[in-house]
Structures are given as structure tokens and as C-alpha cells.
2 protein chains.
Amino acid sequence: MPKDTTFPARCETGAASVPMSRRMRIRAATLAEIKTIARNLLSAHGPGGVSLRAIAREMGMTAPALYRYFSSLDDLLLALRAEFFAELSAQITDASGRLPADDVDGRLLAALRAFRSWALANRAEFILLFGPRDEPFTTTEPHCAALQHEKQRFAAIFLSLFNRLLEEGRVPLPDTASFSPELRAQLHLFARDAGFAGANATEGALRVLTACWVRLYGLVCMEVFRSMPFTVGDLEPLFEAELCDVLTSIGVRYRAPHS
Amino acid sequence: MPKDTTFPARCETGAASVPMSRRMRIRAATLAEIKTIARNLLSAHGPGGVSLRAIAREMGMTAPALYRYFSSLDDLLLALRAEFFAELSAQITDASGRLPADDVDGRLLAALRAFRSWALANRAEFILLFGPRDEPFTTTEPHCAALQHEKQRFAAIFLSLFNRLLEEGRVPLPDTASFSPELRAQLHLFARDAGFAGANATEGALRVLTACWVRLYGLVCMEVFRSMPFTVGDLEPLFEAELCDVLTSIGVRYRAPHS
DNA sequence: AACGTTAGCAAACACCGTTAACCATAAAGT
DNA sequence: ACTTTATGGTTAACGGTGTTTGCTAACGTT
């Protein structure tokens with residue numbers, strides 16, 4: 001085991017106040033190049049089309065050299081996933097931020113539409129993020145922590161928007177009396193996992209949130225995976241219809257996309 | 001191209017009335033053995049763990065010999081998927097058939113629970129069936145037709161149950177006036193794809209059907225893929241809650257699982 | 001008995017991830 | 001200024017993959 005040399009360029013945390021010794025700079029550069037080429041291969045040939053040897057070939061290196069930057073191919077993919085979550089989050093907040101801060105309805109609409117748009121424009125990347133994961137957890141890989149962080153940031157976008165709806169008391173909450181104890185436990189576990197806490201994170205709210213997320217996630221998955229009945233074509237009409245139903249059910253007034 | 005020798009054992013259609021010349025018999029046997037071993041590898045090591053060489057090794061053959069039975073690895077996986085759809089359909093109809101024929105509610109509940117149960121008991125197989133497909137269509141492969149057939153049979157199970165609900169007029173249908181023309185076209189396209197026709201296949205009914213399917217499909221996907229927020233654990237409570245909500249919304253009275 | 005089909009084989013090609021040993025150079029320490 | 005160490009690259013190799021080609025031996029049929 002050649003120590004843990006895969007994570008020394010820690011200087012990308014916010015401001016690059018540290019001068020970043022020349023060596024660190026070129027290391028960060030090649031590290032970025034690797035990820036760039038890997039991403040190109042990914043979107044060009046799908047997952048499975050990205051290989052260390054192909055990356056090395058494309059940048060005039062040999063495959064073993066890449067092990068100075070990533071401890072394995074899985075580790076590279078882990079790092080990529082973190083970047084993709086960041087990009088997805090950025091795209092969503094961008095689209096959402098184009099609307100006035102007090103227009104929660106518009107921001108939610110924009111955010112969810114941006115989510116779908118990114119997924120369709122980056123199918124392979126979406127599969128890597130939300131597709132089936134063979135191994136439950138690879139906490140051992142260096143870049144795993146970064147992934148978890150970006151995941152949380154991604155979830156936080158929707159959580160904060162939903163939270164504002166709750167604050168305004170616009171979300172009709174279900175009767176929690178019908179909830180089984182197991183369901184209650186599940187919801188709390190989910191809240192802890194997603195980092196959703198506070199006075200508004202009631203069981204009813206969590207139930208509504210999960211229901212909404214499942215519907216939209218499921219639809220986008222079907223579209224990207226080309227799964228079951230909807231094997232072809234652009235599912236925007238159906239997505240908009242679902243969006244309308246889902247948002248209406250939580251007290252948000254739907255607006256058609258402006259285009 | 002060595003002709004199309006991969007599909008001569010065509011004698012499994014219904015009754016094996018044809019004596020099936022000795023040669024055909026052993027061919028069918030090895031063909032079955034290949035699929036069996038492939039399935040074992042699949043469920044043991046996940047997708048990606050199934051390889052021609054591993055299969056050949058396990059049955060004391062060499063990899064190229066398998067090309068006498070399948071035109072490629074993808075073709076083998078295609079054939080496997082057809083078998084899995086058949087198995088899934090069988091399991092669902094079994095569970096559903098345990099209830100009286102006039103108890104549509106119970107049959108629907110049982111069918112959907114069986115769907116989830118099979119998915120969880122056969123994660124890798126489910127991923128192959130409903131997971132992301134890289135290539136849109138490989139109509140060229142011999143076993144593609146069989147897959148499509150089994151897919152239709154699978155869909156037909158739920159379609160017929162849903163159809164009976166429609167006949168009984170128990171499903172509250174949405175106001176189709178709010179449907180956009182694009183949505184309408186989408187729904188009709190979906191109906192044609194799934195083979196859902198008849199007087200009950202109205203636009204409203206199609207809309208309801210898709211909404212229900214998306215919710216349950218999405219939830220099972222999240223559970224099997226270990227995707228987004230629900231990265232761990234048994235999601236049965238949440239599934240039952242969703243089941244209750246979904247079925248209640250189409251006029252079916254929910255019953256807790258008898259266990 | 002003769003002949004064509006079929007189902008296996010070995011060899012080879014082009015990939016893949018990963019490890020080990022090695023080496024030149026850049027940085028750091030004395 | 002000289003030595004030492006860490007770094008980032010190399011080549012060679014191991015074991016794995018899908019797939020193609022050519023060959024052979026057995027089988028089924030005529």
C-alpha cells in the first residue's frame with residue numbers, strides 16, 4: 001500500500017489562500033484533466049466506456065500512472081460522482097435562483113425542471129448518480145467522503161424549499177394517526193440520513209416529502225433508463241402533468257414552462 | 001457471420017409435440033444449463049459478474065463454444081431477461097391467483113407486493129430488467145423478440161386487473177379537459193406500446209395508470225438501487241404506505257399484509 | 001459407406017484493472 | 001552546494017474479459 005497519496009491537493013476548499021506550491025498546481029491540473037477526459041469518455045460511450053487505459057491513452061500517459069491520483073477506477077468514479085452532484089446542484093440552484101427569492105412556487109418548479117433537464121442532458125452521469133450500485137458502501141475509498149458531502153448539499157436544496165412551504169403552512173399534512181410505528185421509524189431514519197431536522201420536520205411532512213420525491217424520481221428514472229413502458233421518446237408532457245399533480249398536492253400552484 | 005444457428009431449438013413453444021430429435025434435446029439441455037449457470041453467476045456476483053468465460057469454465061467448456069448457442073454476451077443477457085420476465089410474471093400471477101377471482105382488490109394488492117418481493121429477492125435480476133439500458137434497442141439480436149413478448153405479458157397482468165377496476169367504474173377519473181394535446185398524444189402512444197386498448201382505455205384512465213405505476217416503480221427502484229435518500233434498510237413500511245395511498249386513490253380498499 | 005452439419009477445441013487479437021520494480025527529476029534538508 | 005527523499009512517470013507482467021478464425025471429431029442423414 002503506497003500510503004495515501006491520493007488526496008494531498010486539499011487546497012481547493014473555498015479560497016486558494018495557500019500559494020499552492022508549483023508542484024501542487026500541476027498535480028491539481030493533471031487531476032482535473034483526468035476527470036475531464038473521464039467525463040468525456042463517460043458521456044460519449046456510457047458507463048463501462050470509461051477505463052483507466054483509455055484515459056491514459058488519451059492524455060499521452062500510461063495507465064499505472066493514474067494510480068498516483070486515484071487509488072482505483074472505482075475511486076475515480078467516486079470522485080466523478082461527487083463532481084456531478086456538485087454540477088447538478090449548481091444547475092438547479094442557478095435555475096431556481098433566476099426567480100425572486102420569495103417566489104417559492106416558481107423556485108420549486110424551476111428546480112425540479114432543472115433536475116430533469118440535467119438528467120436528460122447527461123444520461124450516463126445520471127445513471128452513475130442514481131442508477132443501481134452494486135456494492136452497498138465503499139467507505140474505504142478516499143473520495144467517498146466528498147461524495148457524501150455533495151449528496152447532502154444536493155438534498156439540502158429541495159429540503160430548504162420544502163421547508164419554506166412548511167413554514168408558510170401551505171402543505172396539507174396527512175393524518176399521522178394512520179401511520180404504523182414502522183413507518184414512523186422509517187421516516188425518522190430518513191430525516192436523519194438526509195439531514196432534515198427542525199420544528200417542521202414532522203412525520204406528516206416527511207411522509208409527504210418522500211411521496212413527492214418518489215414520484216418525480218421514479219419518472220425521471222424511467223425516462224433516463226428507458227425502462228418499462230416508456231421505452232422511447234420525450235416524456236416532458238407526462239413529467240409536466242406529474243409535476244402539476246405533485247405540486248398541487250402540496251399547496252403549490254403550477255405554472256406551465258415559459259417556452 | 002455463421003448464419004443464424006442460435007435459434008433452432010424452437011420446440012419449446014407450448015406443447016413439445018414434435019419428438020425433438022435427440023440432437024435438439026441435448027442442445028436444449030446445454031442451452032438451459034448455460035442460462036442456469038449464468039443466472040447463478042448473476043445473483044451471486046451481480047451484473048458484470050456474469051461472463052462467457054466464467055460460464056464456460058463452470059461447465060467444463062471453452063468460451064467460444066458458447067457462441068454456438070448465443071450470438072454474443074448481450075444476446076445471452078437478452079435471453080435471460082426474457083426468462084426473468086416470465087418468472088416474475090409467474091410469481092405475480094401465482095400470488096394474485098391465491099385469492100378469489102372476484103376479489104380484484106386483493107389480487108391487485110397481492111400482485112404489487114409480489115412484484116416488490118421478487119425485486120428484493122432478485123436484486124441483480126431486477127436491475128437487468130428495469131435498470132438503465134445503455135443501447136436504446138438491439139433488435140438485431142435473436143432473442144430480442146422473446147423479450148418483447150414477455151414484457152408484454154408482464155404488463156398485461158396489471159393491465160387486466162386495472163381494466164376490471166375500470167369496468168366496475170370504481171376508479172375516479174381526472175378531468176381530461178386540463179390535459180395538454182402533447183400529454184394526450186403521449187398517453188395514446190403509451191397505450192399502443194403496452195397493448196392497452198378497448199373502451200376503458202380512455203385518456204383519463206391512462207393518466208391514472210401511469211401515475212400509479214410511476215409511484216410504485218420508483219419506490220421499488222429506489223429500494224433495489226439503494227439510490228438517493230433511502231440508501232439502506234428495508235423499505236416495506238414506506239412501500240405499504242405508498243400502496244395504501246395509491247390504491248385508495250383508484251377506489252381500491254387497502255388491506256394490511258397478512259403476516 | 002459417403003457426406004454435410006454440428007459442437008466442441010486451441011490459438012490469437014485486442015482490450016481491461018492492477019501490481020511490482022525501476023528511474024529521472026523536483027523538492028527539501030543539512 | 002551536496003545529499004537525501006518524495007514524486008510522478010515508465011516498462012513488464014499477471015490474470016481477466018469478449019470475440020474471431022480455423023480445425024477436428026462426432027453425429028445424422030442419405
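Let me start with one side chain: an N or O atom of Arg53(A) sits 3.5 Å from a base nitrogen of DNA strand D. That pair is a polar contact, meaning N or O atoms within 3.5 Å of each other; within protein, one atom must be able to donate a hydrogen and the other to accept it, and sequence neighbours count only if both atoms are side-chain atoms.

Before I go on, some ground rules. This is a predicted model, where local features need pLDDT of at least 70, side-chain atom pairs count only at pLDDT 80 or more, and totals for chains, interfaces and linings use all residues. Residues are numbered from 1 along each chain as its sequence is written, chains are lettered from A and ligands numbered from 1 in the order in which they are written, and side-chain values use heavy atoms, with hydrogens and water left out.

Back to Arg53, then. The side chain of Arg53(A) also has an N or O atom 2.5 Å from a base nitrogen of DNA strand C. In chain B, the side chain of Arg53(B) places an N or O atom 2.5 Å from a base nitrogen of DNA strand D.

Let's stay with strand D. Which residues come nearest to DNA strand D? Out of 22 residues around the strand, they are Thr62(A), Arg68(A), Tyr69(A), Arg53(B) and Arg57(B). I call a residue near a strand if one of its heavy atoms lies within 4 Å of the strand. Of the strand D atoms within 4 Å of the protein, 59% are sugar or phosphate, and the rest belong to bases. One example on the sugar side is Arg23(A), with a polar side-chain atom 2.9 Å from a sugar or linking oxygen of DNA strand D.

Which helices supply the surface near strand D? At least two residues each come from α1 of chain A and from α1 and α2 (52-58) of chain B. The largest share, 4 residues, belongs to α2(B). Helices here are DSSP runs of H or I with at least four residues, strands are runs of E with at least two, and both are numbered from the N terminus. By class, this surface has 10 nonpolar, 4 polar and 8 charged residues. Nonpolar means Ala, Val, Leu, Ile, Met, Phe, Trp, Tyr, Cys and Pro; charged means Asp, Glu, Lys and Arg; the others, Gly among them, are polar.

Now over to strand C. DNA strand C has 22 residues around it, and Arg53(A), Arg57(A), Tyr67(A), Arg68(B) and Tyr69(B) come nearest. Sugar and phosphate make up 58% of the strand C atoms that come within 4 Å of the protein. Arg23(B) has a polar side-chain atom 2.8 Å from a sugar or linking oxygen of strand C, and a polar backbone atom of Thr62(B) is 2.8 Å from a phosphate oxygen of that strand. For the surface near strand C, α1 (22-45) and α2 (52-58) of chain A and α1 (22-45) of chain B supply at least two residues each. Here α2(A) gives the largest share, with 4 residues. The classes come to 10 nonpolar, 4 polar and 8 charged.

What does the UniProt record say? In an unreviewed entry, it places "DNA-binding region" at residues 51-70 of chain A and "domain: HTH tetR-type" at residues 28-88 of chain A. In the model, residues 51-70 are 35% helix and 0% strand, with end C-alpha atoms 13 Å apart. For residues 28-88, the figures are 67% helix, 0% strand and 22 Å. Chain A as a whole has 9 helices and 0 strands.

Last topic: how helices meet. In chain B, the axes of α1(B) and α5 (residues 123-130) come within 7 Å and cross at roughly 105 degrees. These two helices are therefore roughly perpendicular to each other, a label for angles of 65 to 115 degrees. Arg39(B), Leu42(B) and Ser43(B) of α1(B) make the contact with Ala124(B), Glu125(B) and Leu128(B) of α5(B), where contact means heavy atoms within 4.5 Å. The axes are lines fitted to C-alpha atoms, for helices over the stretch in contact, with angles from 0 to 180 degrees between N-to-C directions.

Between chains, the axes of α9 (residues 236-249) of chain A and α8 (residues 203-225) of chain B come within 11 Å and cross at roughly 80 degrees. That contact has 3 nonpolar, 1 polar and 3 charged residues. Thanks for listening!

Terms used
UniProt positions renumbered as here; feature names shortened; annotations may be inferred. Parallel < 35°, antiparallel > 145°, perpendicular 65-115°, else oblique.
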